[in-house]
Amino acid sequence: MRWNKQYKKGKWSYLNDERESSRYHKIVDYIKTYATTNPSILDLGAGEAVLNQRLDKNEYKTFFNVDFSSASIDIAKTKKLENSVNLVADIHTYTPDETFDVIVFNEAFYYVHNDLKQDVLDRFIGKLNSEGILIVSIYKEGTDCWELINNSSKIQQLNFEKVATDRESTYWKVGVYKKV
């Protein structure tokens with residue numbers, strides 16, 4: 001699988017770079033601002049657990065790092081992050097047994113096949129606790145993503161920001177939504 005080859009070759013190591021920190025900072029800010037205290041978190045597209053590392057172990061109850069790449073999850077496991085679970089799963093078919101206070105589509109939603117986007121979005125909204133929030137981070141425009149998310153009758157937007165870097169062409173859009 002290409003993801004495993006890319007992780008093993010270090011192609012994704014840039015996710016730990018300073019340039020990426022602005023979007024991770026925004027996700028963490030949204031968690032601290034809008035989530036319940038000590039939340040349970042599901043990070044879809046977690047890669048090497050970079051987001052998990054940016055939160056202190058006392059800032060969450062449990063943290064589930066989920067990624068399609070077994071190589072990235074193997075790296076996440078070596079970090080031995082407390083109160084964390086690392087799981088290889090395909091978000092097209094994965095349905096967690098638990099419900100969560102926070103679910104993050106971390107640079108993952110635009111990889112969902114177009115004909116399955118609505119199903120995947122609805123499935124994970126259904127896995128939010130009653131006061132749960134959904135955070136979506138998408139590099140640049142995320143064709144066919146924001147319209148679908150913003151038109152969902154199951155969530156309401158709380159905040160949405162463009163997160164820029166020192167490069168004009170490098171930015172993310174990050175939104176946070178509550179379950180309705």
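**Salt bridges and the setting of strand 1**

In this predicted model, the count of salt bridges comes to 7. Among them is the pair formed by Arg 23 and Glu 107, whose side chains meet at 3.6 Å, N to O. Arg 23 belongs to helix 2 (residues 18-34), whereas Glu 107 sits in the loop between strand 4 (100-106) and helix 5 (117-125), so this salt bridge ties together parts that are 84 residues apart in sequence. Arg 23 and Glu 107 are both buried.

A further salt bridge that involves helix 2 is made by Lys 26. The side chain of Lys 26 meets that of Glu 161 at 3.2 Å, N to O. Because Lys 26 lies in helix 2 and Glu 161 in strand 6 (residues 155-164), the pair connects parts that are 135 residues apart in sequence. The relative accessibility of Lys 26 is 13%, so Lys 26 counts as buried, the cut-off being under 20%. Glu 161, with a relative accessibility of 28%, counts as partly exposed. Lys 26 and Glu 161 also belong, together with Asp 29, to a network of salt bridges.

Lys 154 and Asp 122 provide another salt bridge, with an N to O distance of 3.7 Å between their side chains. Lys 154 is located in the loop between helix 6 (146-150) and strand 6, and Asp 122 in helix 5; the pair therefore ties together parts that are 32 residues apart in sequence. Lys 154 is partly exposed at 37% relative accessibility, and Asp 122 is likewise partly exposed, with a relative accessible area of 23%. In general terms, side chains of opposite charge can pair when their charged atoms come close.

The secondary structure of the protein chain consists of 6 helices and 7 strands. Along the sequence, these elements follow the pattern α-α-β-α-β-α-β-β-α-β-α-β-β. Strand 1 spans residues 40-44, and 5 of its 5 residues are buried, so strand 1 is largely enclosed by the rest of the structure. The residues of strand 1 point in two directions: Ser 40, Leu 42 and Leu 44 point one way, while Ile 41 and Asp 43 point the other way. Residues pointing either way, Asp 43 included, are buried.

Strand 1 pairs with strand 2 (residues 62-67) in the parallel sense, over 5 bridges. Within this pairing, Leu 42 has Phe 64 of strand 2 as its bridge partner. Strand 1 also runs parallel to strand 4, to which it is joined by 4 bridges. In strand 4, the residue opposite Leu 42 is Ile 103. Leu 42 thus has a partner in strand 2 and another in strand 4, and Leu 42 is itself buried.

For the protein chain as a whole, buried residues account for 49% of the 180 residues. Of the contacts between residues at least 6 apart in sequence, 65% join residues at least 24 apart. The area exposed by the protein chain is about 8900 Å², of which carbon and sulfur atoms supply 46%.

Methods:
Residues numbered from 1 in each chain as written. Predicted model: local features only at pLDDT ≥ 70, side-chain atom pairs only at ≥ 80, totals over all residues. Heavy atoms only, no water. Salt bridge = Lys/Arg side-chain N within 4 Å of Asp/Glu carboxyl O. Buried < 20%, exposed > 50% of the residue type's maximum accessible area, 1.4 Å probe, protein only. Pairing = 2+ DSSP bridges. Contact = heavy atoms within 4.5 Å. Areas by Shrake-Rupley, 256 points an atom, 1.4 Å probe, with all protein chains shown as cover.
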